[in-house]
Amino acid sequence: MVGWWWIVPAAVAVLGAIWVLLALIGLFRGRILRGIFGGLAGAGLLAVASIAGLLGQNAQTYARLTYERPVATLSSRQLAPQYFEVTVVQPALGDQPDRTAVYPVHGDEWRVEAQVLRWKPWANVLGLDAQYRLDRLSGRYQNIEQERSGARSVHALSSDADPDGLPWSLSLWETARKYRRYVDAVDTLYGSGAYMPMRDGATYEVWITQSGLVARPTNAAAREASSGGWIVAN
């Protein structure tokens, strides 16, 4: 969260304030011209620092709002008609290693869902990116009737248990939802999902953006599976 956009303007502002203070001391000691010119120079530094800080804030807003990163890689292996084995790899976070798990999934498509906490722009400026937690993996049928009556597959991608083994945990999602009326930093809390066709050997990447989840094919099998059925919107 520490950035040049406030450190440099803050340093310039401190120099300006010192210069203004020295100018005031000079005025009290009868050094009129030195005090006037010193005060003008100090005020100029304060103005420059203010403008630089505002421009830095604006630049940081744009950088934060366009930030995205991969949160999972999914690959599918067909075991039977409309029945697949889906491998989900979640990349390492901090000192935690990659998490890999294999799930049986019924249907034509996989669907990944996440809980997303999006901050207001001023909180983005302070360094708070959209927060997420992968929630579940499920199967999805392209045919509506099959979706109503077909075999279902739903798997949890996260656990509410504390990773350190403590008997309690603090949920950022629930805390933000409960106390958002007192801290006006949360823009919205919502569920986001992304789905893609399952094919034998197809691989995809799921990315988190400030708007939610986005899925992208990463090999030829996935691109071929996801390329059909599109309609051009006029």
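**Exercise 1. Find the residue that glutamate 145 forms a salt bridge with, and work out how the two sit in their helix.**

Solution. Start with the partner: glutamate 145 pairs with arginine 148 in a salt bridge, and their closest N and O atoms are 2.9 Å apart. Keep in mind that this is a predicted model. Next, place both on the chain. They belong to helix α4 (residues 144-149) and are three residues apart, so about one helical turn separates them. Finally, check the surroundings. Glutamate 145 has a relative accessibility of 48%, so it counts as partly exposed. Arginine 148 comes out at 64%, which makes it exposed, the cut-off for that being over 50%.

**Exercise 2. Which residue does the side chain of arginine 152 meet in a salt bridge, and are the two partners buried or partly exposed?**

Solution. The partner is glutamate 147, at 2.9 Å from N to O. Now look at accessibility: arginine 152 has 45% and is partly exposed. Glutamate 147, with 25%, is also partly exposed. For the whole model, the salt bridge count comes to seven.

**Exercise 3. Describe what arginine 140 does with glutamate 109 and with tyrosine 195.**

Solution. Take the acid to begin with: arginine 140 and glutamate 109 form a salt bridge through their side chains, 2.5 Å from N to O. Arginine 140 is in strand β5 (residues 131-140) and glutamate 109 in strand β4, so this pair ties together parts 31 residues apart in sequence. Then compare burial. Arginine 140 is partly exposed at 25%, while glutamate 109 is buried at 7%. Last, the ring: arginine 140 lies over the face of tyrosine 195, 3.8 Å from the ring centre.

**Exercise 4. Track down the aromatic pair in this structure and say how its rings are arranged.**

Solution. A search of the whole structure turns up one pair. The partners are tryptophan 110 and tyrosine 204, with 5.5 Å between centres and 70 degrees between planes. Edge-to-face needs an angle over 60 degrees, so that's the label for tryptophan 110 and tyrosine 204. On the chain they are 94 residues apart, tryptophan 110 in strand β4 and tyrosine 204 in strand β8 (residues 203-209). Both residues are buried.

**Exercise 5. Which residues touch the most other members of the largest nonpolar core, and which strand gives the most to it?**

Solution. Of its 27 residues, Leu74, Trp110 and Leu137 touch the most other members. Strand β4 (residues 109-119) gives the most, with four residues. There's also a second, separate core of six residues, among them Leu117, Trp119, Ala185 and Val186.

Notes
Residues are numbered from 1 along each chain as its sequence is written. This is a predicted model: local features need pLDDT of at least 70, side-chain atom pairs count only at pLDDT 80 or more; totals for chains, interfaces and linings use all residues. Side-chain values use heavy atoms; hydrogens and water are left out. A nonpolar core is a set of buried Ala, Val, Leu, Ile, Met, Phe, Trp, Tyr and Cys residues joined through side-chain atoms within 4.5 Å. Buried means under 20% relative accessible area, exposed over 50%, partly exposed in between (1.4 Å probe, protein chains only). Rings of Phe, Tyr and Trp (its six-membered ring) pair if their centres lie within 6.5 Å; planes under 30 degrees apart count as stacked, over 60 as edge-to-face and the rest as tilted. A charge sits over a ring if NZ of Lys or CZ of Arg is within 6 Å of the ring centre and within 35 degrees of the ring normal. A salt bridge is a side-chain nitrogen of Lys or Arg within 4 Å of a carboxyl oxygen of Asp or Glu.
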